[in-house]
Amino acid sequence: MAALVVLFPIMVGWPYLTETREVSERGLVRPEPRVVEGSTATMAGSEWEVLGYLVGYVEGQTPPPKGVELVDVGFKVTPEDDDAGELLNAYCRFRAMDEDGRTWEPTTEYAMRDLSEDQGVTMSGCSDADAAPIPAGKEQTLVLSFLVPEDVAEELGYEVTVTTTGDLDRPRPQALLFEADPLE
C-alpha cells in the first residue's frame with residue numbers, strides 16, 4: 001500500500017508533465033511572456049525596442065464602430081546575426097493585452113495608412129519591407145494596429161512572441177511583454 005501511495009502521483013503526474021512540455025515546445029500553447037522593464041529587451045538573438053503607441057489615427061478612413069478604438073504600436077527590431085533574422089521571418093506574433101488578461105490580435109483593416117518609412121511586414125513572421133528576412137544589424141520598424149474597446153486603449157501591454165528554433169513543428173517560442181508610452 002505504501003508503494004502505491006508513492007507511485008500513484010508519479011504515474012498520474014509524469015504523462016501530464018511530458019504532454020505539457022511537448023505542447024509548449026510545439027508552440028500550441030503561448031509561452032508565459034517575460035515582462036520588460038524599460039523599453040528594450042533581447043529575445044532569440046534580436047534586440048527589441050517599443051517605440052510607443054498612437055490612439056485613433058484613421059487618416060481619412062472610416063473610423064471604427066462606436067465603443068471601439070484603433071491603437072497603433074511601433075517596435076524596432078534588430079537581429080544580431082542572419083540566423084536571428086531567419087527566426088523572425090519564420091515565426092513572429094503580436095498581441096495586445098489588458099490588465100484582465102483579455103487579448104486582441106492585430107488587424108489589417110487600416111493597413112493602407114502610411115505610418116512609417118521602410119515599415120516591415122508582420123503578416124506571417126517579421127520581415128523587411130520586401131518580405132525578406134531582416135539582415136543582421138539592420139534596425140527594422142514594425143507597426144501593428146489593434147481594434148480594442150475604447151476603455152482599455154491607453155492601458156494595454158504588447159506581447160511579442162518569436163521562435164527560438166526556426167522549426168515550425170517545434171518552434172519553442174519565447175515571449176516578451178512591453179508597456180508603451182503614447183506617441184506625440
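The protein chain holds two helices and nine strands, where helices (H or I, at least four residues) and strands (E, at least two) are DSSP runs numbered from the N terminus. Reading along the sequence gives the pattern α-β-β-β-β-α-β-β-β-β-β. This is a predicted model, so local features need pLDDT of at least 70 and side-chain atom pairs count only at pLDDT 80 or more, while totals for chains, interfaces and linings use all residues. Residues are numbered from 1 along each chain as its sequence is written, and side-chain values use heavy atoms, with hydrogens and water left out.

**The chain as a whole**

- Of the 184 residues in the protein chain, 38% are buried; buried means under 20% relative accessible area, exposed means over 50%, and partly exposed is in between (1.4 Å probe, protein chains only).
- Take the contacts (heavy atoms within 4.5 Å) between residues at least 6 apart in sequence: 71% of them join residues at least 24 apart.

**Salt bridges**

- Side chains of opposite charge can pair when their charged atoms come close.
- A salt bridge here is a side-chain nitrogen of Lys or Arg within 4 Å of a carboxyl oxygen of Asp or Glu, and the count by this rule is five.
- One of them joins lysine 76 and glutamate 139, at 3.4 Å from N to O. This pair ties together distant parts of the chain, 63 residues apart: lysine 76 sits in strand S4 (residues 68–79), and glutamate 139 in the loop between strand S6 (103–104) and strand S7 (140–149). Lysine 76 is partly exposed, because its relative accessible area is 26%.
- Another pairs arginine 95 with glutamate 159, and here the closest N and O atoms are 2.9 Å apart. Arginine 95 belongs to strand S5 (residues 92–97) and glutamate 159 to strand S8 (residues 157–162), so to speak two distant parts of the chain, 64 residues apart.
- Lysine 138 bridges to aspartate 118, with 3.3 Å between the closest N and O atoms. Both residues are in the loop between S6 and S7, 20 residues apart. Lysine 138 counts as partly exposed because its relative accessibility is 25%.

**A closer look at glutamate 159**

- Is glutamate 159 buried or exposed? Glutamate 159 is buried, because its relative accessible area is just 1%. Its partner arginine 95 is buried as well.
- Leaving aside neighbours within four places in sequence, glutamate 159 is in contact with ten residues you can look up, including Arg30, Pro31, Pro33, Phe94, Arg95 and Leu176.

**The nonpolar core**

- A nonpolar core is a set of buried Ala, Val, Leu, Ile, Met, Phe, Trp, Tyr and Cys residues joined through side-chain atoms within 4.5 Å.
- Which residues touch the most other members of the largest nonpolar core? Out of its 32 residues, they are Trp48, Val73, Phe75, Phe94, Phe146, Tyr158 and Phe178.
- Two or more core residues come from each of strand S2 (40–43), strand S3 (46–55), S4, helix H2 (82–90), S5, S7, S8 and strand S9 (174–179).
- Phenylalanine 178 touches Trp48, Phe75 and Tyr158, among others, not counting residues up to four places away in sequence.

**The largest pocket**

- Rolling a probe the size of a water molecule over the atoms shows where empty space is left.
- On a 1 Å grid over the protein atoms alone, using a 1.4 Å probe, a pocket is an open set of points with protein on both sides within 12 Å along at least five of seven lines, and lining residues have an atom within 4 Å of a point.
- The largest pocket contains about 470 Å³ of space; grid points are joined across faces, edges and corners, and the volume is the space filled by probe spheres set on the points.
- Its lining has 24 residues, and the closest to the centre are Thr108, Thr122, Met123, Val143 and Leu144. S5 and S7 each give two or more residues to the lining.
- That lining splits into 10 nonpolar, nine polar and five charged residues: Ala, Val, Leu, Ile, Met, Phe, Trp, Tyr, Cys and Pro count as nonpolar, Asp, Glu, Lys and Arg as charged, and the others, Gly among them, as polar.

**Positive phi angles**

- Glutamate 59 isn't a glycine, yet it has a positive phi of about 45°. You'll find glutamate 59 in the loop between S3 and S4.
- Aspartate 118 also has a positive phi, near 55°, without being a glycine. Aspartate 118 is partly exposed, because its relative accessibility is 42%.
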